Amino acid sequence: MSRLFRDVDGGPRCPHGSVVCIGAFDGLHVGHRALVRHAVARARALGLPAVALSFEPLPREFFAPGDPPPRLLSPRAKVEGLLSLGIDQVGLLRFNSAMAALTPEAFVIEVLVRHLSVREVWVGPDFRFGKRRGGDLALLQSMGLALQAEGQGFAAGAIEPVLLDGERVSSTLIRAALQAGDFKAAARMLGRPYAISGRVVPGERLGRTLGYPTANVRLGGKVPPLTGIHATRVHGVAGQPLPAVSSLGTRPTVDGSEPLLEAHLFDFDGDLYGRRIEVEFVARLRDEEKFEDLPALVAQMHRDAIQARAILSQDSTRAPA
């Protein structure tokens, strides 16, 4: 059986019971990780599979298709991250008009009870679900109690919020930190450096013509939480991460439109097409700009490369705190 499911058609997926955690899990930050690890620990104690439920697209993307929120993680990276934390099965449920119309009570019965035979469900602070966000922890608890008479009862609980410097960690705060170029603050909240992963795809080879060949990663139609030129490290190419300067944006000088991540790896010459890489963001250099011509762009690229090399050299020799 696949460890990933997208819908709840068919018979029970966990006929003998499960422990479920629910959330958007965008970023899988330290708060999300606390929730997931708690659910996994409870599942192990009960001898049941641990299931993480999320949605794709995210509800906010579905309701505002013209102005979707920036995403911290691709769907693939989210699934891989949840599995790495000990989750046995991931439900990346399709959020469509039918899901949006599902009442909280129907969600509990159809998804949690009938499909997952839930015995415990765990959520984060201020969790809401179902049509018009009408469901909450109190509803989960009352329904879990009411269903005991039918042998389908379950317990429900919420973990305490995770605080850093007295402030609750959230995806919103992380997006704000990334947009401000505060990668240290973002890393503290994420529990790891911020990075974008993906498969290297062919580009227009303009960078190679200009003396700056790049490894290009498309974002799958998702809006990135930051744009601009950055000092970065690229994982997945060699035994250790390689220093790079990367552009994330629409390439206005060449009239681009689709957001694209382009990483120029220093002192590297090789074919990366088809390889999955991870680009770790270290420092912001500048905003994306539209230059008058290609020579002006190349001159700025030279300056960016020099600045990125200097930053990454200093960062690699800095003693750990």
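This passage walks through the sheets, two of the helices' surroundings and the cysteines of a predicted model.

A good place to start is the open sheet, which has 6 strands in the order β1-β4-β3-β2-β5-β6 and parallel pairing. Its edges are formed by β1 (4-5) and β6 (155-158), each of which pairs on one side only. At the β6 edge, the partner is strand β5 (residues 118-123), and 4 bridges join the two parallel strands. Within this pair, Glu 120 stands opposite Ala 155 of β6. Helix α6 (residues 137-146) packs on the sheet here, touching both β5 and β6, and its direction makes about 160° with that of β6. Another helix, α3 (residues 75-84), lies across β1, β3 (50-56) and β4 (89-94). The direction of α3 runs at about 150° to that of β4.

The model also holds a closed barrel, again of 6 strands, which runs β9-β10-β13-β12-β11-β14 with antiparallel pairing. Neighbouring strands of the barrel are turned against each other by 40° on average, direction ignored. For a closer look at one pairing, strand β12 (residues 242-249) and strand β13 (residues 260-265) run antiparallel and are joined by 6 bridges. Here Ser 247 has Glu 262 of β13 standing opposite.

Helix α7 (residues 171-179) offers a view of how a helix is covered. Its buried residues are Ser 171, Ile 174, Arg 175, Ala 177 and Leu 178. Seen down the axis of α7, these residues fall within an arc of 160°, so they line one face of the helix. Among the elements covering them are α1 (30-46), α2 (59-63) and α8 (183-190). After α7 comes Gly 181, whose phi is positive, near 75°.

Finally, the cysteines can be considered. A disulfide is a covalent bond between the sulfur atoms of two cysteines. The count in this model comes to 0 disulfides. Cys 14 is in no disulfide, and the nearest cysteine sulfur, that of Cys 21, is 12 Å away. Cys 21 is likewise in no disulfide, with the sulfur of Cys 14 as its nearest cysteine sulfur at 12 Å. A disulfide requires the two sulfur atoms to lie within 2.5 Å, and the 12 Å between Cys 14 and Cys 21 does not meet that cut-off. As for their surroundings, Cys 14 counts as buried because its relative accessibility is 3%, and Cys 21 counts as buried because its relative accessibility is 0%. The cut-off for buried is under 20%.

Technical notes:
Residues numbered from 1 in each chain as written. Predicted model: local features only at pLDDT ≥ 70, side-chain atom pairs only at ≥ 80, totals over all residues. Heavy atoms only, no water. Pairing = 2+ DSSP bridges. Axes fitted to C-alpha atoms, helices over the stretch in contact; angles between N-to-C directions. Buried < 20%, exposed > 50% of the residue type's maximum accessible area, 1.4 Å probe, protein only. Arc of directions from axis to C-beta. Contact = heavy atoms within 4.5 Å.
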